[in-house]
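Reader: I have a model open on my screen and would like to talk through it with you. Could we begin with the pockets and then move on to the chain as a whole?

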Amino acid sequence: MDLKPARLTFDELFDLVALFFACRGTCNRLRTSTVIRDKENIFIAAGYNGSLPKSPHCDEVGHLIVDNHCMRTNHGEDNAILNCLDLTRTYLNQIQDQLR
């Protein structure tokens with residue numbers, strides 16, 4: 001009897017990645033995340049709803065609500081795109097260093 005576990009589909013894999021990233025959220029009103037992948041199912045980036053770097057977290061100091069939105073946090077999709085930009089910047093800096 002073969003007891004090998006079933007292999008995850010790409011949708012299942014990226015759903016799990018999103019779940020793990022959502023657990024890092026800093027606003028307890030909604031812990032959510034965004035995963036960016038390409039059409040070949042290559043992971044590009046992820047982001048969760050969270051406070052800006054070095055800013056207080058809702059979980060610690062409370063919410064800053066304006067028009068029913070918490071202003072202390074960026075959305076997961078914003079953070080995922082910012083993470084892409086950070087990776088691109090890092091990669092380009094490494095190339096520049098190699099060319100010097």
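Reader: How does the lining of the second largest pocket divide by class?

Author: In this model, which is predicted, the lining of the second largest pocket has 4 nonpolar residues, 7 polar ones and 2 charged ones.

Reader: What volume does that second largest pocket have, and which residues are the closest to its centre?

Author: Its volume is about 240 Å³. The pocket is lined by 13 residues, and the closest to its centre are Leu30, Asn49, His69, Thr73 and His75. As for the elements, β5, which covers 69-70, and α3 each supply at least two residues of this lining.

Reader: Let me stay with His75 for a moment; where does it lie, and is it buried or exposed?

Author: His75 lies in the loop between β6 (73-74) and α3. Its relative accessible area is 41%, so it falls between the two classes you name and counts as partly exposed, given that buried means under 20% and exposed means over 50%.

Reader: And what is histidine 75 in contact with, leaving aside its neighbours in sequence?

Author: Once the neighbours within four places in sequence are set aside, histidine 75 is in contact with Tyr48 and Asn49. Asn49 is also among the residues closest to the centre of the second largest pocket.

Reader: Now the largest pocket: what is its volume, and what lines it?

Author: The largest pocket has a volume of about 330 Å³. Its lining is made up of 16 residues, of which Tyr48, Ser51, Pro53, Asn79 and Asn83 are the closest to the centre. By class, this lining holds 6 nonpolar, 8 polar and 2 charged residues.

Reader: Which element gives the most to it?

Author: That is α3, with 4 residues. At least two residues of the lining come from each of β2 (43-48), β3 (50-51) and α3 (76-99).

Reader: Changing topic, how many helices and strands does the chain have, and what pattern does it follow?

Author: There are 3 helices and 6 strands, and along the sequence they follow the pattern α-β-β-β-α-β-β-β-α.

Reader: What is the radius of gyration, set against a compact globule?

Author: The chain has a radius of gyration of 18 Å, whereas a compact globule of 100 residues would have one near 13 Å. Along the principal axes, the C-alpha atoms fill a box of roughly 55 × 55 × 20 Å.

Reader: What share of the residues counts as buried?

Author: Of the 100 residues in the chain, 21% count as buried. The accessible surface of the chain is about 7900 Å², and 57% of that surface belongs to carbon and sulfur atoms.

Terms used
Residues are numbered from 1 along each chain as its sequence is written. This is a predicted model: local features need pLDDT of at least 70, side-chain atom pairs count only at pLDDT 80 or more; totals for chains, interfaces and linings use all residues. Side-chain values use heavy atoms; hydrogens and water are left out. On a 1 Å grid over the protein atoms alone, a cavity is a set of points where a 1.4 Å probe fits but cannot get out, and a pocket is an open set with protein on both sides within 12 Å along at least five of seven lines; lining residues have an atom within 4 Å of a point. Grid points are joined across faces, edges and corners, and a volume is the space filled by probe spheres set on the points. Ala, Val, Leu, Ile, Met, Phe, Trp, Tyr, Cys and Pro count as nonpolar, Asp, Glu, Lys and Arg as charged, and the others, Gly among them, as polar. Buried means under 20% relative accessible area, exposed over 50%, partly exposed in between (1.4 Å probe, protein chains only). Contact means heavy atoms within 4.5 Å. The radius of gyration is taken over C-alpha atoms; the globule rule is 2.2 Å times the number of residues to the power 0.38. Accessible areas come from the Shrake-Rupley method with a 1.4 Å probe; for residues, only the protein chains shown count as cover.
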